[in-house]
Amino acid sequence: MIDPNLDHVGLVVPELEPAMAALSAQLGLEWMGIFEPTLAMRDAEHGTRDVQLRIAVTAQYPRLELIQTIPDSPWALVESGMLLHHLAYYTGDLAADSGRLAGPCPIEIHGVGADGKTPKRFTYHLRNGLRFELLDQHSGRAE
């Protein structure tokens, strides 16, 4: 079941540090730091590949997640500035819930486990320009 409480809002930014500084100065936000995970992901265009992310997450809820742009990916920017990227919700059964939603809201990209099984950790669904992320509640609350 999908938890209807918003966990975070994701923004894609050209560079993390200047965006973090600006949002801290403008809104008083505090950051938990910069995270640089490499995650195995799969999409229709590229198949399975490792993607190096640079992410900053606020300490305040609902969290604001900044993702540094990655060309030729769902995190690409076509213009300078920040882009509202996604809304994120936790789910107790990522495979079942993302499978149920995949008909009306196709999966854009999803995590791949070390064993090659999918989806793992997250799925991005896209419908009429709205992108939302389902997060596996068993993978931890903030990354």
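Select the buried residues of α1 in this predicted model, then show what surrounds them. They pack against four strands: β1 (8–13), β2 (31–35), β5 (55–58) and β6 (63–68).

Which residues of α1 are buried? Pick L16, A19, M20 and L23. Now look down the axis of α1. The buried residues fall within an arc of 100°, so they line one face of the helix. The spacing fits a general pattern: an α-helix has 3.6 residues a turn, so residues three or four places apart point the same way.

Turn to the face of α1 directed away from that buried side. Select A25 and Q26, which are exposed there.

Next, put a distance between the end C-alpha atoms of α1, residues 16–27. It reads 16 Å. At 1.5 Å a residue, the 12 residues should span 16 Å, so the two values agree.

Step just past α1 to G28. Its phi is positive, about 70°.

Now zoom out and colour by secondary structure. The chain has 2 helices and 10 strands. Read from the N terminus, the order is β-α-β-β-β-β-β-β-α-β-β-β. The radius of gyration is 15 Å, close to the 15 Å given by the globule rule for 143 residues, so the chain is as compact as a globular protein of that length.

Align the view to the principal axes. The C-alpha trace spans about 40 × 30 × 30 Å.

Switch on contacts. Among those with a separation of 6 or more, 61% join residues 24 or more positions apart.

Finish with the surface. The chain exposes about 7500 Å², with 55% of that supplied by carbon and sulfur atoms. Of its 143 residues, 41% count as buried.

Terms used
Residues are numbered from 1 along each chain as its sequence is written. This is a predicted model: local features need pLDDT of at least 70, side-chain atom pairs count only at pLDDT 80 or more; totals for chains, interfaces and linings use all residues. Side-chain values use heavy atoms; hydrogens and water are left out. The expected span of a helix is 1.5 Å times one less than its number of residues. Buried means under 20% relative accessible area, exposed over 50%, partly exposed in between (1.4 Å probe, protein chains only). The arc is that of the directions from the helix axis to the C-beta atoms. Contact means heavy atoms within 4.5 Å. The radius of gyration is taken over C-alpha atoms; the globule rule is 2.2 Å times the number of residues to the power 0.38. Accessible areas come from the Shrake-Rupley method with a 1.4 Å probe; for residues, only the protein chains shown count as cover.
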